[in-house]
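Here is a short briefing on one protein model. Look over the sequence and the structure before reading on.

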Amino acid sequence: MMRWKALPALLLLLSAAACTPDRTTAGAPGTPAGSPTGSPSPTAGTMPADCGTHDLGHRSELPAASLSCLLDAVSGRRPAVLRVTRLTIEGDPIRFTYTVQQDGQVEVLTDTREDAFGHRGIMRELCTGPTAGPPALAFAQCSTPTPVR
């Protein structure tokens with residue numbers, strides 16, 4: 001229960017970190033992530049691999065290395081994090097944080113608080129069966145989105 005109380009502060013930090021324009025970084029699969037996502041710690045003392053932080057334009061695609069990093073983590077059941085910011089048609093940022101859990105599921109946090117024309121909030125889903133597909137990830141199945149706050 002205590003981990004959910006800290007989630008809004010962690011999400012605020014993640015949002016602030018993703019605000020730098022045209023920033024793209026991708027670490028090697030063993031590189032520790034810069035900040036937690038609010039997910040339960042998959043294994044005590046194990047930092048998730050940092051699969052990158054990407055601010056993408058309307059027609060941009062994720063780098064193949066970042067997609068491979070996340071998909072490899074899912075198949076190996078290793079913790080990993082990928083952060084992606086996409087723009088709406090109007091240019092508002094929608095932020096996605098994909099966190100691979102130890103059981104191979106992917107927690108997807110979707111932050112639409114800066115979308116002036118859509119629902120504003122943060123939604124959480126647990127997804128399985130990720131595949132690489134333009135422009136980003138697709139999933140075989142996801143839980144019903146639930147509000148984080």
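The torsion about the S-S bond of Cys 127 and Cys 142 is about 115 degrees, so this disulfide (a pair of cysteine sulfur atoms within 2.5 Å) is right-handed. The model is predicted: local features need pLDDT of at least 70, side-chain atom pairs count only at pLDDT 80 or more, and totals for chains, interfaces and linings use all residues. Residues are numbered from 1 along each chain as its sequence is written, and side-chain values use heavy atoms, with hydrogens and water left out.

**Disulfides**

- A disulfide is a covalent bond between the sulfur atoms of two cysteines.
- The structure holds two disulfides.
- In the pair Cys 127 and Cys 142, the sulfur atoms are 2.0 Å apart.
- This pair links distant parts of the chain, 15 residues apart: Cys 127 lies in strand S6 (residues 122-133) and Cys 142 in strand S7.
- Cys 127 has 1% relative accessibility, so Cys 127 counts as buried (under 20% relative accessible area, with exposed over 50% and partly exposed in between; 1.4 Å probe, protein chains only).
- Cys 142 is partly exposed, at 34%.
- Cys 51 and Cys 69 form a disulfide too, with sulfur atoms 2.1 Å apart.
- Its torsion about the S-S bond is about -70 degrees, so the disulfide of Cys 51 and Cys 69 is left-handed.
- Cys 51 sits in strand S2 and Cys 69 in helix H2, 18 residues apart.
- Both Cys 51 and Cys 69 are buried.
- Counting bonded cysteines along the chain, the pattern is 1-2, 3-4.

**Overall fold**

- The protein has two helices and eight strands (DSSP runs numbered from the N terminus: helices are H or I, at least four residues; strands are E, at least two).
- Along the sequence, their order is α-β-β-α-β-β-β-β-β-β.
- Of the 149 residues, 41% count as buried.

**Nonpolar core**

- In soluble globular proteins, nonpolar side chains tend to be buried together.
- The largest nonpolar core (buried Ala, Val, Leu, Ile, Met, Phe, Trp, Tyr and Cys residues joined through side-chain atoms within 4.5 Å) has 21 residues.
- Leu 62, Leu 70, Leu 82, Val 84, Tyr 98 and Val 100 touch the most other members.
- Elements giving two or more residues to this core include helix H2 (64-76), strand S3 (80-87) and strand S4 (93-100).
- H2 supplies the largest share of this core, five residues.
- Not counting residues up to four places away in sequence, Leu 82 touches ten-strong company that includes Cys 51, Leu 62, Leu 70, Tyr 98 and Leu 137 (contact means heavy atoms within 4.5 Å).
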